[in-house]
Amino acid sequence: MAAPLLLDLVLETATNPGTASFVLNGAVQDRRSFASAAPGGGQVFYFADDGTQAEWGVGVLTVGTPNTLSRQTVTGTTQNTAQALNFTGTVRVYSWVPASYTPVLDGNGSLALRGNITAGSAAFSSLQVYAEALVPSVTSWGSQQAVPAVDAQNRFINKDIGGGNFPVLNIQLVNAPTEDNSAAYFQFLTTWGALAVPTNANVSNQIRSYAQPIGNYAQSQALTDTAAYLQSQINNKQPTGTYVTTQPTTSGSSGDLKINAVNFSNSANAPYLSGYKPDGSLTSYILAQIGDLPLDRSKKLHCWQVVIQNGQRVNFPSGFSGSPDSINFNTTQRLDLWWTNADSGGFTINSNSNASQQISVIASGPR
């Protein structure tokens with residue numbers, strides 16, 4: 001951020017500014033105006049004094065007709081405040097540096113700064129630090145940036161010297177802050193990723209955890225007992241053979257009935273399905289023929305109640321695959337009702353009355 005400008009031999013007056021911007025009257029004799037010494041829109045240091053009170057700070061110059069100087073930042077006043085004073089009468093406005101912006105050497109010749117040292121595009125020819133110099137973290141390791149200690153410590157272990165070798169960028173001992181243990185390992189950071197190498201305690205733990213203990217496994221009693229148990233289970237199973245009624249699966253529900261022998265009987269009159277259950281008992285179920293059903297299996301029936309008014313569109317609970325075969329109404333009121341514009345999704349209800357009423361509807365049609 002650019003510093004405010006300090007202007008040489010600048011002095012103007014302003015009349016009755018109150019607490020607002022200074023409307024500049026022009027330079028007094030043998031002095032310069034703000035507009036002749038600074039560009040419009042620039043920040044400048046200013047002092048304002050009416051002979052009884054004064055304020056100082058940073059203003060912004062606006063070049064025009066007339067020229068004005070806004071009081072952007074008031075750094076101090078003779079009233080010990082940081083607010084713009086209420087000036088009445090003639091005020092002298094000139095350029096000078098407030099003490100808070102002035103660098104001063106201490107008794108040892110040292111200079112203390114509140115902000116940063118900025119060199120712009122220039123370079124320091126020599127910079128010597130006697131105590132501590134802090135630099136930001138490196139953003140590009142291929143540049144000439146200064147490297148802080150936190151980044152430089154143990155970072156460069158080996159340079160690539162050719163022959164298939166590659167640099168190790170960082171080595172860390174993980175999970176062992178005080179001593180070796182079963183969870184500790186070395187992590188080597190390379191250009192292609194991290195490589196983990198176990199420590200002595202880690203390797204010993206892995207050997208104990210994964211290696212097979214010493215023993216006589218050919219004559220293990222546990223294996224012998226297991227083999228005998230398996231053979232006994234095999235002997236208790238049903239012997240291999242051809243079973244006419246064997247059925248490998250049911251439909252999957254725990255309450256399903258598996259009928260081993262099926263007979264479809266008395267098909268001319270009241271057909272029924274009979275058969276033997278796995279326990280050997282006989283069961284039968286009476287079946288219905290298509291002629292016994294109220295609808296052909298290609299049709300479906302909707303029955304529901306709906307509140308209607310004349311001209312209202314009524315939708316079926318679920319659509320038919322084509323136009324409905326029939327639509328019938330019932331109501332507790334004596335009102336004429338009829339339908340029009342029927343399609344697979346619904347119909348329009350018509351009535352001789354505009355009154356709202358609840359009706360029962362029965363509709364049939366193709367599935």
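Select strand β15 (residues 326-331) together with β18 in this predicted model: the two pair in the antiparallel sense, over 6 bridges. Within that ladder, display N330, which stands opposite S360 of β18.

Next, extend the selection to the whole of β18, residues 357-366. Is this strand mostly covered or mostly open? It is mostly covered, with 7 of its 10 residues buried. Strand β13 (residues 299-308) also runs antiparallel to β18, and 10 bridges join the two. To locate this pairing, pick I308, whose bridge partner in β18 is Q357. Strands of a sheet pair through backbone hydrogen bonds, either parallel or antiparallel.

Now move to W339, which lies in strand β16 (residues 337-340). W339 counts as partly exposed because its relative accessibility is 37%, a value between the limits of 20% for buried and 50% for exposed. Which residues touch W339, once its neighbours within four places in sequence are left aside? They are I327, F329, F347, T348 and N350. A C-alpha to C-alpha distance drawn from W339 to S351 should read 8.8 Å, the two being 12 residues apart in sequence.

Finally, turn to the barrel. It is closed by 6 strands with antiparallel pairing, in the order β1-β2-β5-β4-β3-β6. From one strand to the next, the twist averages 45 degrees. For the pairing of β1 with β6, select residues 11-15 and residues 90-94: these strands run antiparallel and are joined by 5 bridges. As a last stop, centre the view on E12, which stands opposite V93 in β6.

Terms used
Residues numbered from 1 in each chain as written. Predicted model: local features only at pLDDT ≥ 70, side-chain atom pairs only at ≥ 80, totals over all residues. Heavy atoms only, no water. Buried < 20%, exposed > 50% of the residue type's maximum accessible area, 1.4 Å probe, protein only. Helix = DSSP H or I, 4+ residues; strand = E, 2+ residues; numbered from the N terminus. Pairing = 2+ DSSP bridges. Axes fitted to C-alpha atoms, helices over the stretch in contact; angles between N-to-C directions. Contact = heavy atoms within 4.5 Å.
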